[in-house]
Amino acid sequence: MFYREAGDFKTSYSKDNQTFPIKIDRVGYYLVLLVAFLVVPFMLNDYWVNAIFLPFLIYSIAAIGLNILVGYCGQVSLGTGGFMAVGAYACYKLMTTFPDINIFFHVIIAGGITGLVCVVFGLPSLRIKGFYLAVATLAAQFFLVWLFNRVPWFYNYSASGQINAPERTVFGIEVTGANTEAWATYLFCLVFVVASAWIARNLTRGMTGRKWMAIRDMDIAAEIIGVNPLKAKISAFAVSGFFVGISGALFFAVYLGAVEVGEAFGITKSFLVLFMIIIGGLGSIFGSFAGAAFLVLLPVVLKVVGVDMLGWPTDMVAHLQLVIVGGLIILFLILEPHGLAQLWRVTKQKLRLWPFPH
Amino acid sequence: MKKIFVTAIAGLMAASPVMADLVFPSLSYRTGPYAAGGIPFADGYTDYFTLLNERDGGIGGVKVSVPECETGYNTEKGVECYESTKGEGALVYQPLSTGITYQLIPKTTADDIPMHTMGYGRTSAANGDVFSHTFNYPGSYWNGASGGVNYLLETNGGDISGKKIALVYHNSAYGKEPIRTLEELQKKHGFELSLLPVDHPGQEQKSQWLQIRREKPDYVMMWGWGVMNQVAIQEAANIRFPMENFIGIWWSGAEHDVLPAGDKANGYKALTFHNVGRDFPVFADIQKYVVDAGKAAGAGDQVGNVLYNRGLYAAMLAAEAAKTAQEIHGTKDITASMMRDGMEALEITEEKMAALGMPNFGPSFSVSCENHGGPGLVGVTQWDASSKTWSLISDFKATDIDVIGALIAEDSGAYASENNIASNCN
Amino acid sequence: MSEQIVYALEVFANGLMSGVLYALVALGFVLIYKASGIFNFAQGVMALFAAMTLVGIQNGQVPFAHLINAVLGTHIHHFGWHIHSVLALIFTVGVMILLAVAIQRFVFRHLVGQEPIILFMATIGLAYFLEGFSDLMWNSEIKTLKFCVAEGTCLPQGMNMAIDEAAYNAFGTGFFIDNLDISAAIVAVMLVIALVAFSQYTKQGRAMRAVADDHQAALSVGISLNFIWILVWSVAGFVALVAGIMWGAKSGVQFSLSLIALKALPVLMLGGFTSIPGAIVGGLIIGVGEKMFEYCFGTGQCFGGIINLGGATENWFAYVLALVFLVFRPQGLFGEKIIERV
C-alpha cells in the first residue's frame with residue numbers, strides 16, 4: 001500500500017537507473033544515513049561502540065570486500081584473515097614511519113597495498129577453480145601470518161612481536177589510541193563504511209560488476225562473449241583486497257589498538273567473514289551488512305540472555321551459543337539458502353503487492 | 001553449581017544493588033582450545049572470593065561479587081567483557097591472556113582501573129613509572145627465563161658454559177617473550193641456545209623433536225600453552241629425552257599437561273612463582289565453606305590443581321591489595337582508583353600468608369610505584385607420575401635483575417616515547 | 001653411511017608416518033565428497049566428537065552432566081564403571097551411525113539439489129553445532145585416551161627400540177620411529193583394504209559406488225540415495241573415530257583435535273577430492289614434503305644451511321606445496337579430469 005512504485009515517475013535515464021528506484025527506499029536510505037551520522041553518535045557509550053558498533057562496521061567492510069570476490073566474481077577465498085593482517089601491518093608501518101600524515105590516508109594506502117598482495121595470491125585463480133581455489137587461498141592465510149610473525153621489521157623489532165597503534169588524530173580529534181571518544185571512532189569507521197558501500201555498489205552495477213558476474217556464472221561462456229578472465233578476476237581480487245585491507249587497518253588501529261597476528265588474524269577470522277556473507281547473502285551489498293550484524297549481534301544477545309538474564313554458568317552459555325549458532329546457520333540454509341538478503345527481497349516483493357496480493 | 005545458578009537467579013530477581021559490593025570480574029575461558037588451562041584458574045579465583053564471603057563476610061565486611069565473563073581466549077570477546085563489566089565498578093582485571101592484556105593496557109590506564117597480569121602479559125609493565133595501571137608481580141616471563149637458567153647453574157655447580165639449551169616455544173608473542181633474556185644470559189654464562197618454534201596449535205611437533213634428538217641438547221626449556229604442552233611432553237618421552245632435563249614455564253606445568261603422557265612424564269620440571277599441592281590450612285576452609293557447602297565454582301573437581309592454586313593465589317593477592325587500599329583510604333567501599341593505590345602499596349610477608357592459612361604459598365615481596373613487578377623470585381616444581389603430584393623442589397629464588405632490569409628499562413622506554421607517557425612516580 | 005644422510009632418512013621416514021596420519025583424516029573427506037558432492041568441513045569436529053564419546057563411554061561419564069546438574073541441582077558426574085575399550089568402540093560406532101542418521105534426516109535431506117557452496121556452508125554450521133554439542137555432552141577438560149585391546153596390550157607409544165638398535169648397529173646412529181605411528185600405518189592400511197573390499201565386494205558398497213558415479217542413474221535402478229548417504233556418513237564417522245583415536249592418543253582428547261582438519265586440506269588438494277588413493281599418496285607427499293622442507297630450509301640443515309627460515313614453516317608449506325602443484329594440475333593428482341562445457 002505504502003511501498004510501491006506507482007506514481008513515482010522517472011523523467012530521465014539516470015533517474016530510472018538509480019540505486020533505489022522506489023521512493024520509500026530512497027527516503028529510508030537517507031533516513032538511515034541521517035540517523036547513523038547525526039543521531040547515533042550522541043547516544044553512544046563505550047560499551048555500545050566497542051562491543052557492537054565498531055565490530056559491526058569493520059566486519060561490514062570486510063564482508064563487502066569478500067562479497068565482491070565470492071558473491072560477485074565467484075572466486076571462493078579463505079584468505080581474508082591473512083589479507084586483513086596485511087592491511088593492519090601496512091597501516092602500522094605507515095603510522096610509525098610517517099607520523100605526520102593523516103591516518104585517513106594511511107588507512108586508504110594500507111587498503112591499496114593489500115589490494116596488490118591480494119592480486120599476487122589471486123593469480124592462481126586463473127588455473128584453479130572451486131573448492132581447490134578455496135583451499136589454495138588458505139596458503140595465503142598461513143603464509144602471511146607466518147611472515148608477519150617471523151620478520152621483525154613488520155613489528156618494528158618490538159620485544160613482544162605485538163603491534164600497538166599510537167595516538168593519531170583527525171581534525172584534532174583522537175581516533176586511535178587509548179583516549180578516544182566513543183563517537184569519534186564510530187564516525188571515523190562509519191565514513192569508511194559508507195564510502196566502501198557506495199563504491200562497491202556502483203562498481204557492481206556497472207561494466208566491471210557485470211564482467212565479474214559473467215565470470216561467476218560461467219567463466220568459459222564469459223570468455224567466449226569477450227570478457228577477459230584475467231582482467232576480471234584480477235580486478236576482483238584487487239578491489240576485494242582493497243576493502244579487506246581497509247577493514248584490517250581499522251580493525252587494528254581503531255578497534256583493538258593492539259594486535260598479535262596469529263591470534264587476531266588467524267584462520268577463524270577468514271571463516272567468520274565467509275559465514276557473514278553466506279548468511280547475509282552472496283552477491284548483495286545489503287547482505288554483507290546483514291550478515292555482519294547477525295554474527296556480531298547474535299553472540300552478544302545470547303550472552304546477555306543466558307548469563308545476565310537467566311544466570312546460567314558462562315561455560316554452558318558459551319557451549320550452547322555454539323550449538324545455537326550452528327543450528328541457526330543450518331536452519332537458515334534450509335529455509336532460505338540465499339541468505340538474509342533474499343529474505344529481505346522477498347519481503348519487499350510481498351510488500352509491493354500488499355494488501356492485494358492477487 | 002546449582003547454588004550459583006540459584007543465587008544468580010535470586011540475585012537477579014531481587015535486583016540487588018551490585019554497586020555496594022566489591023567487584024572482581026573474572027575474565028575466564030572455559031571453552032575453546034585453552035579451556036583445560038582456563039577452567040582451574042577461574043575456579044580457584046572464584047572459590048577464594050566465595051570463601052572470603054562465607055567465612056569472613058567479604059573483605060573488611062563488604063561482600064565480594066565475582067561476575068564471570070567468558071572470553072574463550074579471544075581478544076574481541078575480551079574487549080566486550082571488559083566494556084560490559086567495567087560499568088559495574090570493577091576493581092581489578094585479570095585477563096589471563098597476553099593478547100587481551102596488550103589491548104587493555106592503554107584502556108585500563110585511561111579508565112583508571114588497575115590490571116594484574118600475574119606471570120603473563122607485557123613483561124616491561126614491571127616498570128610502574130611508565131605503566132601506571134598494570135601490575136605483574138610477583139614475577140614475569142623474563143624472571144622465569146632467568147630463574148630457569150639459575151636453576152641449571154645451581155645444579156651444575158655454577159658453570160653451564162658450553163652446555164646446549166634448546167628453547168621450544170609457541171610461535172606467538174607469548175612464546176617469543178623469553179628469547180631476548182635468554183640471549184643476554186647466553187652471552188653472560190656462555191651456554192649455547194637453539195630456538196625451536198612450534199606453530200599454533202602445536203599438534204604436530206615431530207620436526208622439532210627430531211631436531212632435538214639430533215642435536216642432543218643438555219636441557220630443553222619450553223614456553224608452551226594448550227595442546228602444545230601435552231604433545232611436547234609426549235614427544236620428549238618418545239625420543240627418550242631425560243625428563244629431569246626438560247623444564248617448562250609455569251604455563252606448561254599443570255596436571256593436565258603431564259597426565260596424557262602417563263608414567264613417562266615422570267620427572268618433568270616446571271618453573272613456578274607459587275606453591276603447589278593442597279597441603280595448606282586454607283584448603284581445609286575451602287573444603288568446609290565452599291566445596292562441602294556446594295558453592296564451588298565449575299564442577300568443583302579442580303581444587304588443589306596447579307592452576308587452581310594459581311587462581312587462588314591471584315585472588316589472595318587481589319584481596320590483600322583491596323585490604324591495603326581500605327586501610328590507606330580509610331573507607332570500606334573502595335573504588336578502582338583506590339584499589340590501584342592498594343596494589344602499589346601491597347606488601348606480602350610470610351606472617352601475612354601464614355595468617356591466611358597459606359604459609360610459603362608464594363614469595364614474600366612488596367610493590368612500589370617504580371616496581372610493579374615484585375622481586376621476581378622463581379621456584380621449580382617436579383612431577384611425580386606415580387603419586388600424580390607436583391612438588392616444589394627448589395624454593396623461590398632471586399633472578400638476574402641486572403639483565404632483566406636493563407631489558408625492562410629498554411622496552412618500557414620505547415613504549416613511553418612511542419606513546420608520550422610522562423613519568424608516573426614523581 | 002654419513003650421519004647427515006641417516007638424519008635425512010629419519011626425517012623422511014617420519015614424514016611418511018605423519019603423512020599416514022594426515023591421510024587418515026583426509027580419507028573421511030574424500031568418502032563424503034565422492035558420494036554426495038559435499039565438502040564436509042565438520043570432519044575434524046567429528047573426529048573430536050568420536051574420540052570424546054569413546055573416552056566418555058570408557059570412563060562411564062554421564063553425558064550432559066554439567067547441563068543436568070545446572071538445571072536439576074544434582075551432582076552426578078560418573079556412572080562409576082569402566083568399559084572395555086573394544087566394547088566402548090562398538091558403542092561409539094553406534095553413536096556415530098546415529099549421528100549420521102540425524103545429519104541426513106535433519107540437514108541434508110532438506111538441502112538436496114542445492115549448490116555445493118550451500119552444502120559446504122551447512123557442514124560449517126554442523127561443525128559449530130557439534131563443537132558446542134560435544135563440549136556440552138562430555139565437558140571441555142582434557143581427557144586421557146588409553147585404548148587397550150586386552151590387559152597390557154594397549155596402543156603403543158614411544159620409540160621403536162628394535163628399529164633404533166638395528167640402525168645403530170648398521171650406521172652407528174639411531175633411527176627414530178614412533179610405535180604409535182607404526183600402528184597408525186598398519187591401521188590405515190587395514191582401513192583402506194576394508195574400504196576397498198567393502199566397496200568392491202558387497203552390495204551396499206557397489207551401490208555406494210554407483211551413487212558416486214551418477215545420482216540419477218543410481219536412483220533409476222532402485223538404489224535408495226537416502227540409505228547410501230547415511231551409510232557414507234557412518235563410514236566417514238568411523239574413519240573420523242579412527243583418526244580421533246590416533247591423534248588423541250598423543251595429545252589427549254581435547255578441543256584442538258578438531259583442528260586436524262586443517263592438516264588434511266592440503267592433502268585433499270594435492271590428491272584430489274574424489275580419490276581414495278589420492279588421499280593416501282597426497283598425505284604421504286605432504287608429510288614428507290613439509291618435514292623435509294622444515295629440515296632443509298626451515299632450520300637450515302641442508303646445503304650448508306644457505307637458507308634458514310627460522311622454523312615453524314610446516315603449516316604454510318603444506319599449502320604452498322599443494323598450491324604450486326595445483327597450478328600444473330588443477331584437478332589434483334588423482335582427481336577426475338575437469339571437463340568444462342558451455
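## Chains A, B and C: domains, interfaces and local details

In chain B, the C-alpha centres of domain 1 and domain 2 lie 28 Å apart. The two bounds, which come from an automatic or database domain assignment, are 2-139 + 276-376 for domain 1 and 141-272 + 377-399 for domain 2 of chain B. Where these two domains of chain B touch, domain 1 puts in 17 residues and domain 2 puts in 28; a contact here means C-beta atoms, placed from the backbone, within 7 Å.

Before going further, some housekeeping. This is a predicted model, so local features need pLDDT of at least 70 and side-chain atom pairs count only at pLDDT 80 or more, while totals for chains, interfaces and linings use all residues. Residues are numbered from 1 along each chain as its sequence is written, with chains lettered from A and ligands numbered from 1 in the order in which they are written.

### More on chain B

Back at the domain contact of chain B, helix H2 (35-56) and helix H11 (306-329) each supply at least two residues of the domain 1 side. Helices (H or I, at least four residues) and strands (E, at least two) are DSSP runs, numbered from the N terminus. That domain 1 side of chain B splits into 9 nonpolar, 8 polar and no charged residues. For the classes, Ala, Val, Leu, Ile, Met, Phe, Trp, Tyr, Cys and Pro count as nonpolar, Asp, Glu, Lys and Arg as charged, and the others, Gly among them, as polar.

UniProt, in an unreviewed entry, lists residues 27-384 of chain B for "domain: Leucine-binding protein". UniProt positions are given in the numbering used here, feature names are shortened, and annotations may be inferred rather than shown by experiment. Over that span of chain B, the end C-alpha atoms lie 32 Å apart, with 44% helix and 13% strand.

Chain B also has some backbone details to look at. A cis peptide bond, with omega about 0°, links Tyr137(B) to Pro138(B), and Pro138(B) sits in the loop between strand E6 (134-135) and helix H5 (141-155) of chain B. Another cis peptide bond joins His200(B) and Pro201(B), again with omega about 0°; Pro201(B) is in the loop between strand E8 (192-198) and helix H7 (206-215) of chain B. Then there's Asp112(B), which has a positive phi of about 60° although it is not a glycine. Asp112(B) lies in the loop between helix H4 (98-111) and strand E5 (115-116) of chain B.

### Chain A

Chain A is divided into domain 1 (1-6 + 19-39) and domain 2 (44-353), and their C-alpha centres lie 26 Å apart. The contact takes 5 residues from domain 1 and 4 residues from domain 2 of chain A. On the domain 1 side of chain A, the classes come out as 3 nonpolar, 1 polar and 1 charged.

Helix H3 (46-72) of chain A packs against helix H7 (residues 182-204) of chain A at an angle of about 15°, with axes 10 Å apart. Axes are lines fitted to C-alpha atoms, for helices over the stretch in contact, and angles run from 0 to 180 degrees between N-to-C directions. So H3(A) is roughly parallel to H7(A), a label for angles under 35 degrees (over 145 is roughly antiparallel, 65 to 115 roughly perpendicular and the rest oblique). The crossing of H3(A) past H7(A) is left-handed, meaning that the near helix is turned anticlockwise from the far one by less than a right angle (right-handed if clockwise). Residues making the contact include Phe53(A), Leu57(A) and Ile61(A) of H3(A), along with Cys189(A), Phe192(A) and Val193(A) of H7(A). By class, the residues of this H3(A) and H7(A) contact are 17 nonpolar, 4 polar and 1 charged.

### Between chains

Chain A touches chain B with 31 residues, meeting 38 residues of chain B. H3(A), helix H11 (261-264) and helix H14 (314-335) of chain A each supply at least two residues of the chain A side. Chain C, in turn, puts 39 residues in contact with 38 residues of chain A. H5(C) gives the largest share of the chain C side, 14 residues.

| Side | Nonpolar | Polar | Charged |
|---|---|---|---|
| Chain A, touching chain B | 14 residues | 12 residues | 5 residues |
| Chain C, touching chain A | 29 residues | 7 residues | 3 residues |
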